[in-house]
Amino acid sequence: MKPRSLIVVSVLIVMSLLLGACAKAAPTEAPVATDAPAATEAPAAGEVTIKYWHTMSDPETAKLDEVIAAFEAANPGIKVEATRYAWADLKTALLTAVAGGDVPDTVRMDIAWVSEFASQGALMQLDGALEGFDEIAAAVFPGPLATNKWDGHYYGLPQNTNTQVLVYNTAAFEAAGIANPPATIEEFVTDACELTDTAAGTYGYAQGGTYFWAPAPLFYAMGGKIVDDGISTATGYINGADSVAAFTMLKDLYDRGCMSPNLLGGGIATDAGQGTGIYAMIIDGPWMVDIYKANYPELKYAFAPIPAGANGTSSVVGGEDVVIMDGSQNKEAAAKWLTYLMSEEAQVAMAQVGVVPTLSSLTGSADLPEYFGIFMEQLATAQARVPSPKWSDMDTAINNAYQRILNGDQTPQEALDQAAEEINALLAQ
């Protein structure tokens with residue numbers, strides 16, 4: 001683990017942000033939380049109240065209340081005080097709490113944040129400390145679990161997850177005489193071009209942007225890697241043969257006009273483009289079910305695995321992890337709550353409002369929404385982005401390289417060589 005002196009850095013950062021904010025006109029009301037808990041009576045003698053922060057939606061929060069009630073009924077003497085934050089506010093609130101030494105007991109945080117807070121000494125190490133950790137770790141998908149690992153140890157568990165799969169317009173496929181979605185990268189490239197009609201302004205494939213999340217599923221399916229397993233170097237990985245081949249394939253689709261130019265800004269968003277028949281294929285997550293139901297109820301579409309490269313299909317892991325803050329004064333009770341959130345009972349309950357569970361044993365369960373099946377199958381091989389406090393900057397390096405490739409400023413090899421140098425500099429800090 002990195003020295004706890006890094007917490008001092010967090011203090012200085014937060015104080016500078018606060019002082020900067022004071023220079024502006026003060027708002028009339030500026031709560032950080034969107035759903036702060038109401039004032040409660042002092043806990044009864046022997047009763048423990050654990051604080052749990054999260055960023056759940058309205059339906060998820062309502063279901064969470066039921067999960068909390070079930071936990072409290074099974075654990076007399078422990079109360080859960082849940083506080084909901086807007087996603088954009090939670091990280092700032094946590095940094096402030098860590099700097100002030102008054103932290104919540106447990107937090108459901110973005111998977112990209114775990115390594116950052118762990119590197120500051122702000123999170124409790126779970127492996128070797130949490131009872132039943134090994135059993136829980138063995139029961140969840142490996143990709144989501146990997147997002148909790150930092151410096152050789154685990155500082156959280158994957159509370160909920162998601163991934164991306166191929167979403168295709170079945171009517172467009174039928175009109176083009178294509179019977180099935182592409183099963184391989186080669187078929188994907190062929191179909192993307194066959195489904196493109198430049199005269200009509202329609203494209204076989206559209207990507208949401210150049211940030212790594214967008215090309216990640218195809219990148220991983222083609223064997224691409226960003227860094228080595230020890231997160232010590234990017235040389236030979238982000239600029240290795242498989243990674244270069246993935247970005248070369250995307251550049252070729254772009255140059256041939258088989259991929260929409262919207263990913264460089266402007267144009268029509270992927271959901272609207274597919275919903276209106278402009279894009280035949282996109283790659284996206286389970287939230288598309290609700291988006292299409294609400295906005296494009298007549299759209300005929302289906303899901304399929306990410307087309308396979310030489311080593312099979314893969315994709316990218318998203319979601320949130322649940323952690324125990326190192327400064328918690330109620331670690332024993334917090335551990336019970338965290339363990340319950342990882343139970344089949346809690347995971348099935350949250351699945352009823354669209355939250356994808358992380359327990360691999362629930363794949364194909366009749367208790368889950370039917371469309372979860374394809375996403376949970378994809379999760380078996382989905383991969384985590386680099387679990388590092390420097391991930392955001394790594395993402396920027398790859399994003400910039402991808403833009404240089406598409407614009408023709410550099411070849412894929414040249415752009416990724418530069419990205420490797422930039423990522424290595426980050427790793428050396």
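**Note on the second largest pocket, helix 16 and Gln207**

1. The lining of the second largest pocket has eight nonpolar, five polar and four charged residues (nonpolar: Ala, Val, Leu, Ile, Met, Phe, Trp, Tyr, Cys and Pro; charged: Asp, Glu, Lys and Arg; polar: the others, Gly among them). A pocket here is an open set of points on a 1 Å grid over the protein atoms alone, where a 1.4 Å probe fits, with protein on both sides within 12 Å along at least five of seven lines; lining residues have an atom within 4 Å of a point.

2. This is a predicted model, in which local features need pLDDT of at least 70 and side-chain atom pairs count only at pLDDT 80 or more, while totals for chains, interfaces and linings use all residues. Residues are numbered from 1 along each chain as its sequence is written, and side-chain values use heavy atoms, with hydrogens and water left out.

3. Helix 3 (87–100), strand 12 (317–324) and helix 16 (391–407) each give two or more residues to this lining; helices (H or I, at least four residues) and strands (E, at least two) are DSSP runs numbered from the N terminus. Helix 3 gives the largest share, three residues.

4. In helix 16, the buried residues (under 20% relative accessible area, 1.4 Å probe, protein chains only) include Trp391, Met394, Ile398 and Tyr402. Helix 10 (241–255) and helix 17 (412–427) are among what covers the buried residues of helix 16 (contact: heavy atoms within 4.5 Å).

5. Gln207, in the loop between strand 9 (203–205) and helix 9 (216–221), counts as buried because its relative accessibility is 1%. Gln207 touches Leu250, Met259 and Tyr402, among others, not counting residues up to four places away in sequence.

Technical notes:
Buried means under 20% relative accessible area, exposed over 50%, partly exposed in between (1.4 Å probe, protein chains only).
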